[in-house]
Amino acid sequence: MFEYKHIDSECKKIDLPVGKVVCVGRNYLQHIKELDNDVPSTPLLFNKPSTALVPLNSPVVIPKNLGPCHNELEVAVLIKTRLCQTSIKDAEAAIWGVGLGLDLTLREVQNTLKKQGHPWERAKAFDCSCPMSQFIAKEQLDNLSNIDFSLSVNNELRQQGNSQEMLFPILKLLVNISNTFTLLPGDIVMTGTPKGVAALLVDDHITIELNGHFSIRTYVV
Ligand code: ZN
């Protein structure tokens with residue numbers, strides 16, 4: 001397996017441990033509509049363990065024989081200081097930087113779990129379910145509310161999003177999450193996916209862009 005470490009824009013190791021990944025579901029209206037879900041009144045949260053993380057610049061490994069594995073490209077926020085029942089101001093100061101992650105999702109498995117009223121981990125928290133990019137330091141970003149990103153598969157644009165479209169913006173999410181899960185240095189928050197989720201297939205070529213910062217090309221195995 002590809003060993004995961006947090007890396008910066010020059011692919012140098014960031015001096016933070018690798019922790020949990022807290023994920024937000026249903027944070028973009030168009031994506032809620034495409035899966036025919038309800039708009040949440042509070043953020044929908046779930047976790048991926050640290051064993052879900054793999055570097056995005058290595059091939060994307062999808063599980064076999066478990067039905068479709070969907071792409072969900074999301075803004076990922078790397079935490080550098082402990083956040084527990086925090087304020088907006090402290091939440092902003094706790095951000096190391098921002099990258100992009102894939103919340104790989106076994107959609108049929110998830111639909112079955114939903115029907116059974118069971119937790120989603122088997123569909124979303126499996127090994128390698130969270131390929132993660134390098135992180136751009138917060139100081140290098142103009143504005144947390146204007147992060148533009150996209151995913152192309154086989155040179156066709158599949159997902160395009162901007163953090164300004166989030167129902168719950170980044171700082172509000174951190175405040176809300178920290179009331180339930182203490183965020184520790186090295187934890188990552190995944191902020192939800194825009195519309196355009198669909199199955200990834202072996203040999204698909206993927207391009208992931210954080211507009212103005214990086215473009216990563218990889219493929220599915
Ligand atoms: Zn997601």
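Strands, like helices, are runs assigned by DSSP and numbered from the N terminus, with at least two residues needed for a strand. That numbering helps place Asn65, which turns up in the loop between strand S3 (53-55) and strand S4 (69-70). The model is a predicted one, and Asn65 has a slightly unusual backbone entry in it: its phi is positive, about 65°, although the residue is not a glycine. Asn65 is also exposed, with a relative accessible area of 79%.

A second asparagine tells a similar story. Asn155 sits in the loop between strand S10 (148-153) and strand S11 (156-162). Its phi is near 65°, again a positive value in a residue other than glycine. With a relative accessible area of 67%, Asn155 counts as exposed, since the cut-off for that word is over 50%.

Zooming out, the chain is built from 5 helices and 14 strands. Its radius of gyration is 16 Å, close to the 17 Å that the globule rule gives for 221 residues, so the chain is as compact as a globular protein of that length. Along the principal axes, the C-alpha trace spans about 45 × 40 × 30 Å. Buried residues make up 54% of the 221 residues. Looking at contacts with a separation of 6 or more, 76% come from residues 24 or more positions apart.

On the outside, the chain exposes about 10300 Å², and carbon and sulfur atoms supply 48% of that area. As for charge, there are 21 positive and 24 negative side chains, and the centres of the two sets lie 4 Å apart.

Helix H5 (residues 170-178) gives a good look at the inside. Of its 9 residues, 7 are buried, so the helix is largely enclosed by the rest of the structure. Those buried residues are Ile170, Leu171, Leu173, Leu174, Val175, Ile177 and Ser178. What do they pack against? The partners are strand S1 (21-25), strand S2 (44-48), strand S5 (73-79), helix H2 (88-93), strand S6 (95-102) and strand S12 (188-190).

Finally, there is a metal to account for. Which residues hold the zinc ion? Glu72 and Glu74 each coordinate it through OE, and Asp103 does so through OD, at 1.9 to 2.1 Å. Written along the sequence, the donor residues follow the spacing E-x1-E-x28-D. Both of the glutamates, Glu72 and Glu74, are buried, meaning that each has under 20% relative accessible area.

Definitions and conventions. Residues are numbered from 1 along each chain as its sequence is written. This is a predicted model: local features need pLDDT of at least 70, side-chain atom pairs count only at pLDDT 80 or more; totals for chains, interfaces and linings use all residues. Side-chain values use heavy atoms; hydrogens and water are left out. Helices (H or I, at least four residues) and strands (E, at least two) are DSSP runs, numbered from the N terminus. The radius of gyration is taken over C-alpha atoms; the globule rule is 2.2 Å times the number of residues to the power 0.38. Buried means under 20% relative accessible area, exposed over 50%, partly exposed in between (1.4 Å probe, protein chains only). Contact means heavy atoms within 4.5 Å. Accessible areas come from the Shrake-Rupley method with a 1.4 Å probe; for residues, only the protein chains shown count as cover. Lys and Arg count as positive and Asp and Glu as negative; His and the chain ends are not counted. The place of a charge is taken as NZ of Lys, CZ of Arg, CG of Asp or CD of Glu. Donors are N, O and S atoms within 2.8 Å of the metal (3.2 Å for Na, K and Ca); water is not among the atoms, so sites may look incomplete.
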